[in-house]
Amino acid sequence: MAEPYEIKDDTGIVLEVLAADDEPQGDTATGEVDGTVSETGGQTPSDGEPTAAPVGEPTAAPEVETQAAPSIAPRSSWGARHPDGDLTLTGPAVEVFVHHSVTAQLSTDASIAAEAEQMRALESVGQSRFGTGISYNVVIFPSGRAYQGVSWNRRGTHTGGRNSTSRSICFAGNYETNTPTAAQISTAAAIYREGKDRWWTQGAPLRGHRDVSQTACPGRHLYARIDDIRTGSGSTPPSPGEPGGLVVDGFWGSSTTRRLQQELGTTVDGVVSSQSVYWRDRNPGLTTGWQWVSDADGSRVIAALQARIGMDPGQRDGKIGPQTIRALQGHLGTPVDGVISRESRAVMALQRRLNDGRV
Ligand SMILES: [Zn+2]
């Protein structure tokens, strides 16, 4: 088993880490070495018309339009030369992770040839470290164009320990230091939406790699946009304090946290720090921006929320859990069960109140 591959910055921060799962290696697919396109590749749009570029035709990468079904250029379009992952996966993924590649930062008007070259460079990294070709499922460039990496139904090496149960959407470049383009956000949102009930389950959450691994990936500028990708809510972040800026969807991610922080007067960073990992999977409606740790200290925004909803001073520990959730549900007038589910009624009520400025 190869060791994880880490990309660090000058100060030693792990910007990205790629890792194979600790499971037996399976059948290595070699069928695409000759440039043929897998029938199970992810380039089929909703109307069933194939969009695969002609084999070996590098000018055939798609134009990307806002709101259109995503077009993903097939592996053959960039010249994949190495295996397509190491296992065929059955069933849809249960999580989708956003990554950044920390490779060259191309411009919005980069050529398709330049992007294809970057895809081959990424493939070389995964091949040299793990012997299974490119690590990510799809890679999106600043132009907004997307290219298929490891096929949707094949296992890659993107999210260590979860490669068999998740899929990956990677932004080419470094988004700790650069901001994603509107075209990239738009393409990612279209792909996330298109993949529901196809490549992943309808309720599969979209998360940042750093939510589950010791890495800054996908970088702070991209991490801040995950809610926008998930909701498809446009290419610009809502202005601080702007009424109606929150999408009422019942998922508590960093956008909701940011608005709550503004409302409660704590530091506005979209992060709920130091929460007990024990409650993470029990509350699937808590999505991005939650910092899950084994030894929780609590966060100021939760402590401020606990005060706002009338919990006793001795209970204001800054930690989310059944007691706080029950108190919040009681305060909001939604069913009291102590759990934040997907599309949670309590979170929707909270989001409506945040939009109205009356938590
Ligand atoms: Zn990553």
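Student: What makes A113 and S128 of α2 buried or exposed?

Tutor: A113 and S128 are exposed. A residue is exposed if 12 or fewer other C-beta atoms lie within 10 Å of its own, buried if 20 or more do, and partly exposed in between; C-beta atoms are placed from the backbone. This is a predicted model: local features need pLDDT of at least 70, side-chain atom pairs count only at pLDDT 80 or more, and totals for chains, interfaces and linings use all residues. Residues are numbered from 1 along each chain as its sequence is written.

Student: Which residues of α2 are buried?

Tutor: I112, E115, Q118, M119, L122, E123, G126 and F130. They share one side of α2, because they cover an arc of only 140° around the axis. The arc is that of the directions from the helix axis to the C-beta atoms.

Student: How do you know that the span of helix α2 agrees with what is expected?

Tutor: The expected span is 1.5 Å times one less than the number of residues. With 19 residues (112-130), α2 should span 27 Å, and its end C-alpha atoms are 27 Å apart, so the two agree.

Student: What do the buried residues of α2 pack against?

Tutor: They pack against β2 (14-18), α1 (75-78), β5 (138-140) and β6 (146-148). Helices (H or I, at least four residues) and strands (E, at least two) are DSSP runs, numbered from the N terminus.

Student: Which residues does V139 touch?

Tutor: Among them are M119 and L122, not counting residues up to four places away in sequence. Contact means C-beta atoms, placed from the backbone, within 7 Å.

Conventions: Two residues are in contact if their C-beta atoms, placed from the backbone, lie within 7 Å.
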